[in-house]
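Work through these exercises with the model open. Try each task before reading its solution.

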Amino acid sequence: MKKITKTNVGRILDQKKIAYELYQIPFQDKHMDAVTVAEDLNLPPDKIYKTLVTKGDKTGIVVACIPGNQELDLKLLAKVSGNKKIEMLPMKELENTTGYIRGGCSPIGMKKQFPTFIANEAKLQTSILISAGKRGFQVGIDPVELAQVVRGQFAIISK
């Protein structure tokens with residue numbers, strides 16, 4: 001059995017003594033969305049959470065984690081984050097802002113601790129998968145422990 005390379009996210013979770021499971025799927029250059037990842041891992045798409053980075057007019061950067069089969073509701077995120085208006089961070093700013101590239105963006109281990117909101121549905125699951133900080137790597141984690149690590153809040157932010 002091939003050993004999976006630990007990512008920075010795994011090292012952070014080890015330091016905080018938080019249980020997790022690391023998954024690796026073959027990464028191809030094609031666009032890999034959360035639904036494709038769910039299919040590759042033979043899991044329901046609502047178990048895979050995508051990390052989206054936005055920019056609010058009052059607070060600046062805001063991170064959202066939502067189920068892979070849903071869409072972010074920018075109005076709901078703006079309201080819970082204390083902004084009047086919020087928009088997606090331009091892709092060209094993602095790496096400089098977070099330290100992560102598209103397809104490998106995790107709410108854990110960003111360059112700075114940004115306000116983070118996790119879709120309420122996550123609380124109904126014992127484990128969700130988020131990016132492990134590298135394309136093709138996912139980490140399974142208890143959503144309550146994820147919220148503790150990123151100092152996140154659960155909120156209704158997707159549809």
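Contact means heavy atoms within 4.5 Å. Helices (H or I, at least four residues) and strands (E, at least two) are DSSP runs, numbered from the N terminus. Residues are numbered from 1 along each chain as its sequence is written, and side-chain values use heavy atoms, with hydrogens and water left out. This is a predicted model: local features need pLDDT of at least 70, side-chain atom pairs count only at pLDDT 80 or more, and totals for chains, interfaces and linings use all residues.

**Exercise 1. Describe the overall fold.**

Step 1. Count the elements. The protein chain has 5 helices and 8 strands.

Step 2. Read their order from the N terminus: α-β-α-β-β-α-β-α-β-β-β-α-β.

Step 3. Check the compactness. The radius of gyration (over C-alpha atoms) is 15 Å. The globule rule, 2.2 Å times the number of residues to the power 0.38, gives a close 15 Å for 159 residues, so the chain is as compact as a globular protein of that length.

Step 4. Check burial. Buried means under 20% relative accessible area, exposed over 50%, partly exposed in between (1.4 Å probe, protein chains only). Buried residues make up 48% of the 159 residues.

**Exercise 2. Find which residues of helix 1 are buried, and what they pack against.**

Step 1. Pick out the buried positions. In helix 1 these are Val9, Gly10, Ile12 and Leu13.

Step 2. Look down the axis. The buried residues cover an arc of only 160°, so they lie on the same side of helix 1. The arc is that of the directions from the helix axis to the C-beta atoms.

Step 3. Find the partners. The buried residues of helix 1 pack against strand 7 and helix 5.

Step 4. Look past the end. Lysine 17 follows helix 1 and has a positive phi, near 55°.

**Exercise 3. Place strand 5 among its neighbours.**

Step 1. Test both faces of strand 5 (residues 116-119). Thr116 and Ile118 are buried on one side, Phe117 and Ala119 on the other.

Step 2. Find the pairings. Two strands pair if DSSP finds at least two bridges between them. Strand 3 (residues 60-67) pairs with strand 5 in the parallel sense over 3 bridges. Strand 8 (residues 153-155) also pairs with strand 5 in the parallel sense, over 3 bridges.

Step 3. Match residues. Threonine 116 faces valine 63. Alanine 119 stands opposite alanine 155.

**Exercise 4. Map the nonpolar cores.**

Step 1. Define the set. A nonpolar core is a set of buried Ala, Val, Leu, Ile, Met, Phe, Trp, Tyr and Cys residues joined through side-chain atoms within 4.5 Å.

Step 2. Find the hubs. The largest core has 41 residues, and Leu13, Leu77, Ile108, Ile130, Ile141, Leu146 and Ile157 touch the most other members.

Step 3. Ask which element contributes the largest share. Strand 3 does, with 6 residues.

Step 4. Look elsewhere. Apart from this core lies another, of 7 residues, including Ile25, Ala34, Ala38 and Leu41.

**Exercise 5. Locate the salt bridge and judge its exposure.**

Step 1. Apply the cut-off. A salt bridge is a side-chain nitrogen of Lys or Arg within 4 Å of a carboxyl oxygen of Asp or Glu. The structure holds 1.

Step 2. Name the pair. The side chains of lysine 55 and glutamate 93 meet at 3.8 Å, N to O.

Step 3. Place the pair. Lysine 55 is in strand 2 and glutamate 93 in helix 4 (residues 91-98), 38 residues apart.

Step 4. Check accessibility. Lysine 55 is partly exposed, at 37% relative accessible area. Glutamate 93 is partly exposed too, at 27%.
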